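Visitor: I have a structure on my screen and would like to learn how to read it. Could you walk me through some of its features?

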Amino acid sequence: MKKDREQGTGDKTDTMFSIRNPQSALRNCCRALCAAALALATSSLLAASAPEILDCKVGFGGTYKVGVWTPVRVTLRGGDEPVAVRVAVVAPDSDRVSVAVSSRADRPVLLEPGREDSVWLHTRIGQIDAELSVEVYADGERIARRGFVPNFEPGPGQIAYGQAASLQVFVELSAGDVGLRSAFIRSQETEATLSTVVATVSRPTELPVEWYDYEGADTVVLATSEIAYWRDITPEDPRIAALKKWVELGGKLVVLGGANGAEVFGSGGPLAELIPGRFDTVTTLTDMLPLEQYSGSSEPVSPRDGVELSAVRLVDLTGQVDAYFGATAEELPLVVRGVRGLGELVFVAVDLDKPPLRSWKGQADFVRKLVRFDPAPVDTDQSQNYAMMSRGYDDLAGGLVKRLGESFADVTPPPFIVVVGLVLLYLLLIGPGDYFFVKRVLKRMEATWITFPLIVIATSVAAYWLAHYLKGDQLRINQLEIVDIDAASGTCRGVMWTELFSPRAERYNLTVQPKLPDGTPLDAGAADAEQTLVAWMGLPGTGLSGMQGSGGQGGGWFSSRYEFSPRLTEIGGLPVQVWSTKSLTARWDGRAQTGIEAELMPTDDLVVGRITNTWDTTFDDCRLLYGTWAWRLGELAPNQSVEIDDRLAPRKLRTLLRDNFELRDENMEAWERAAQIEQVSPQGLAEFMMFAHALGGPKYTQLVNNYQGFVDLSHLLDDGRAILLCQTSEHRSEFLRDGKSMHREGNRHWTMYRFVLEVGDAGEP
């Protein structure tokens, strides 16, 4: 026992001594400092070894639209060790919920130590003032992240503010200036019109490699005056393939030729497949009068005489000649407007960014006519401003989104006055009602501790029951789809706009199953599966949840983000609140037989012939459109033929389609027109979107058609094509949830078809 006590005392003494010994304390302190220094050095070493996110470029030359797919170029620098990484771009959607798009996991980016590399991604930004972030992952772990905030003059760590979805964006692929900016300025003293934006891509390496990255571009203008711009581009370059496919699916491309025509348009040239004909030679234009007459400008090219311009001569033309030099159009066509698939291809034989055309005062008029510029009306009338504010949107697509989201089967939103009345009733119950009940009836004021919570509970139960009764417990969908099939090229494309009403707060994994007119699924055997794109759809404007507004769901449970698959074919984990809607859109394309046999011949401004439906489906409300005329054909059953002749009583196209649009009085006040637009059916709005330019454009509706402008095929009517417009109420293409159909009885589907038909030569037998 004594020994134990001595041992215990000794331990205690040693402990006390170690604490009180200054030398021991100093040693312990040094050890702690060394450990901290080692940890700091290790941390710094690890940080230095991680890849660095240097820059992020969004859109074309830093210009991008909100609400559409746009290219993103991320520049990275490798760390101390080579590493295979995956890169993600995170941006908010139109409800300010974060959504990520990442590079493909099966194609990682190999970063070498200290070496810079660029990664092309895609994003869809939902607000003009949105911030985005770039994240880098290795082995499933995030190893780098950097945020980029918007600024009017972007610097390091910043991006530009987004452009409104209702603006026209002209993309200029040129090392110089082809006159686009000056074409959209009303005078030297005023700013550019608010309906247009010009983006310049100064190097071909900045061009996107996917066709859908051009979704925000209304028109692309391509110049060839600087051969160094195109010298490193080959016909097989994916950038050329992306541009070509974008045109075939409805884009508008303007190509400017000139002195370098042989190198860029000749055999093996990078742009040989982007002209409406075949390159023949580069010749000399000595007379500027045809260009002046085409522009409609009174300003001559100065000097008019003694000027020579290099001009590209095309042969075997596949378009209409709008301006030419010589005795016939074939001698030297100067402006050729053609069709490529469903898109428009315009060729100009001279360089607009070289003297003397660069300083020509009529250049702006020439360019405006070239791109068929249709500006939005600038109206300072207060009634027009009121109309736009009351709608909350300034684009036809906004009206379509609103119409689709207003009425679902078995879902009855209570009128606003009813909601106000119920709120007032609740206030009366918990206030004076409860007071008089406990004072006059029960005569016990302390009973309010029981009656008050009972009233609150009963009211809550009644409110939940009423909401459940009015809004139901079924997933509901309203959907409108437009399918276009071109007889000449076999190109088939579809676009869907869908409003999803969720009875519960849930997350959705969504893909799309496109279908042909007879209901046959268009699978990977008929079309590239990578070209079925899904996305959220925003509201163009300043209304509630508008992409120029400040609304949105924001934080809470919905602050956790969702994501698109790298190929943009799937939405994963999309959150939708209880009894709320989400706007969705999808695009798909492939190859298909026309299914409509047409034998049409022109006669004056009309056509005659026969149309036969070979699809195994019945089309309703069929109308044939040609030039400025239209014929009502009614129902077209399988294998049914209809003769096109004077007995069908053709009407002016604007008159026939405007009747369906239900806006007959062109002299009404802006606020009256806004009120009528609020009542137009989804089909009526879709029809105007499909032929907006031919029907008078924004001057008629006071709404532009720039957000989903690719659906407008008015240029095909100008090019001499006929279009069979029809629809069906049958269930066709659809969104799938976890691979399963969400179609239910009562869901509303509208499917509209446009069959683009060739019209024979008047000289044929």
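**Reading the fold**

Guide: Happily! Among contacts in the chain between residues at least 6 apart in sequence, 72% join residues at least 24 apart. Please keep in mind that this is a predicted model.

Visitor: How many helices and strands does the secondary structure of the chain come to?

Guide: There are 17 helices and 35 strands.

Visitor: Which residue pair could show me a link across the sequence?

Guide: Try P698 and D395, which sit 303 residues apart along the chain, yet their C-alpha atoms are separated by 9.0 Å. P698 belongs to helix α16, residues 698–701.

Visitor: Is P698 buried or exposed?

Guide: The cut-off for buried is under 20% relative accessible area. P698 counts as buried because its relative accessible area is 7%. Over the whole chain, buried residues make up 51% of the 765 residues.

Visitor: How do I read a strand and its partners?

Guide: Look for the bridges on each side, and take strand β17, residues 333–340, as the case. With strand β16 (residues 319–324), β17 pairs in the antiparallel sense over five bridges; here Y324 has P333 as its bridge partner. With strand β18 (residues 343–348), β17 pairs over six bridges, again in the antiparallel sense, and G338 is partnered by L345.

Visitor: What lies between β17 and β18?

Guide: Two residues, so to speak the turn of a hairpin; G341 in that turn has a positive phi of about 65 degrees.

Visitor: Why is β17 described as largely enclosed by the rest of the structure?

Guide: Because seven of its eight residues are buried.

Visitor: Where can I practise on another hairpin?

Guide: Go to strands β26 (residues 596–603) and β27 (residues 606–613), which run antiparallel and are joined by eight bridges. A598 has I611 in β27 as its bridge partner. Two residues separate β26 and β27 in this hairpin, and D604 in the turn has a positive phi of about 55 degrees.

Visitor: And the surface?

Guide: The chain exposes about 35000 Å², with carbon and sulfur atoms supplying 52% of it. One place to look is a nonpolar surface patch formed by I417, V418, L422, L425 and L429, which together have about 440 Å² of accessible area.

Visitor: In which helix is V418 found, and how should I class its exposure?

Guide: V418 is in helix α11, residues 416–441. Partly exposed lies between the cut-offs of 20% and 50%, and V418 is partly exposed because its relative accessible area is 38%.

Methods. Residues numbered from 1 in each chain as written. Predicted model: local features only at pLDDT ≥ 70, side-chain atom pairs only at ≥ 80, totals over all residues. Heavy atoms only, no water. Pairing = 2+ DSSP bridges. Helix = DSSP H or I, 4+ residues; strand = E, 2+ residues; numbered from the N terminus. Buried < 20%, exposed > 50% of the residue type's maximum accessible area, 1.4 Å probe, protein only. Contact = heavy atoms within 4.5 Å. Areas by Shrake-Rupley, 256 points an atom, 1.4 Å probe, with all protein chains shown as cover. Patch = residues over 30% accessible without salt bridge, like charges linked within 9 Å, V, L, I, M, F, W, Y side chains within 5 Å. Salt bridge = Lys/Arg side-chain N within 4 Å of Asp/Glu carboxyl O.
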